[in-house]
Amino acid sequence: MEVYRDLAGLRAALAEARAAGREVALVPTMGALHAGHVALVEAARRPGACVVASIFVNPKQFGANEDLSRYPRKEISDIAMLTDAGCDILWLPPVEAMYPDGFATNVSVTGVSDGWDGAARPGHFDGVATVVAKLFNQVRPARAYFGEKDFQQLAVIRRMVTDLDFEIEITGVPTQREDDGLALSSRNVYLLPEERAKAVALPRALGVAARTILGGGDTARALEDATAALVAAGFAVDYVALVDAETLVADPAPGRRRQLLAAARIGNTRLIDNLAVDPA
Ligand code: AMP
């Protein structure tokens, strides 16, 4: 795997790959990689493709009181993991290359960014859309891969790609989970052992609510029960909601794909998760 920290080097390597007829696929990440990220790289791999992963802990998507300074950084093990996963190029831009003095552009995707995590974390999705638009222009991939784990983020990216005519095929990759159901996340390392044990309540509560709703049970009651189960496990709940899987509005219309979304804090750690409410 080739590692680039300057845009000129990255662009020269990508020009060479394209000249050789290779299709470029991008997997954007913030590093501290786990099997969820590896699943994205594996989904991106195709015969003859050139898979580019990026690692950039994007300051613009962290709020003032969030975990930017303590966000885990593991460059050496990340490089080993990406190499093993068959990634071809790693783009590791320094912050000055992404946001040089005078940087003044903001990409804001209204509507789909507004509720849920957008409301709980003001500016977060502007930061995500801005950095992803920039990564798309730097790498110019034919395809890009994002996890369904960050369900609202995926919806924001899809909206941006449609609205701004990026010629990039976006693929959402199913959430990779621990054996007990907890979604893999770089932030899981913050969990103390007793918090980790309780965190399983999050996927469980979503599973129970999905079964209730699919079985024709009352949605409001199912959401209340899920919230109560999380509180009982020691979580402070930001939201538990049933939304339209494309627009993310609450109370989806009949016939629309539905998704349960949840965000909740245990100790100092904020976890998110989601689950499709579809007949299997
Ligand atoms: P992050 O490094 O947390 O910004 O995540 C980088 C990409 O990996 C995003 O598209 C995430 O949605 C995706 N991702 C993170 N955790 C998981 C997971 N457990 N399963 C699948 N994809 C994931």
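## Exposed loop residues with positive phi

In this predicted model, Asp165 has a relative accessibility of 65% and therefore counts as exposed, the cut-off for that class being over 50%. Asp165 belongs to the loop that runs between α7 and β6 (169-173), and its phi is positive, at about 55°, although the residue is not a glycine.

Arg140 offers a second case of a positive phi in a residue other than glycine, with a value near 45°. Its place is in the loop between α6 (124-139) and β5, and, at 54% relative accessibility, Arg140 also counts as exposed.

## The ligand and its polar contacts

Around the ligand there are 17 residues, of which His37, Gly147, Asp150, Gln176 and Leu184 come nearest. Asp150 takes part through its side chain, a polar atom of which lies 2.6 Å from an oxygen atom of the ligand. Met30, by contrast, takes part through its backbone, where a polar atom is 2.9 Å from an oxygen atom of the ligand. For Gln176 the backbone is again involved, since a backbone N or O atom of this residue lies 2.9 Å from a nitrogen atom of the ligand.

How much of the ligand's accessible area does the protein cover? On its own the ligand has 490 Å² of accessible area, and the protein covers 93% of it.

## Make-up of the shell

Which elements give two or more residues to the shell around the ligand? They are the strand β2 (24-29), the helix α2 (35-44) and the strand β5 (143-147). The largest share comes from α2, which supplies three residues to this shell. Sorted by class, the shell holds seven nonpolar residues, eight polar ones and two charged ones.

## The annotated positions Gln61 and Gln153

An unreviewed UniProt entry places the feature "binding site" at Gln61 and Gln153. These positions span 93 residues in sequence, yet no two of their C-alpha atoms are more than 11.2 Å apart, so they gather at one spot. The elements that carry them can be named: Gln61 is found in the loop between β3 (50-55) and α3 (75-85), whereas Gln153 lies in helix α7 (residues 151-163).

Are these two residues buried or exposed? Gln61, at 10% relative accessibility, counts as buried, and Gln153, at 18%, counts as buried as well, because the class takes in residues under 20%.

## Contacts of the annotated residues

When residues up to four places away in sequence are not counted, Gln61 touches Met30, Glu66, Arg121, His124, Gly127, Val128 and Val131. Met30, one of these partners, is also the residue whose polar backbone atom is 2.9 Å from an oxygen atom of the ligand.

Gln153, with its neighbours within four places in sequence likewise left aside, is in contact with Phe125, Val128 and Phe146. Val128 therefore appears among the contacts of both annotated residues, touching Gln61 as well as Gln153, where contact means heavy atoms within 4.5 Å.

Definitions and conventions: Residues are numbered from 1 along each chain as its sequence is written. This is a predicted model: local features need pLDDT of at least 70, side-chain atom pairs count only at pLDDT 80 or more; totals for chains, interfaces and linings use all residues. Side-chain values use heavy atoms; hydrogens and water are left out. UniProt positions are given in the numbering used here, feature names are shortened, and annotations may be inferred rather than shown by experiment. Helices (H or I, at least four residues) and strands (E, at least two) are DSSP runs, numbered from the N terminus. Buried means under 20% relative accessible area, exposed over 50%, partly exposed in between (1.4 Å probe, protein chains only). A residue is near a molecule or strand if one of its heavy atoms lies within 4 Å of it. A polar contact is a pair of N or O atoms within 3.5 Å; within protein, one must be able to donate a hydrogen and the other to accept it, and residues adjacent in sequence count only if both atoms are side-chain atoms. Accessible areas come from the Shrake-Rupley method with a 1.4 Å probe; for residues, only the protein chains shown count as cover. Ala, Val, Leu, Ile, Met, Phe, Trp, Tyr, Cys and Pro count as nonpolar, Asp, Glu, Lys and Arg as charged, and the others, Gly among them, as polar.
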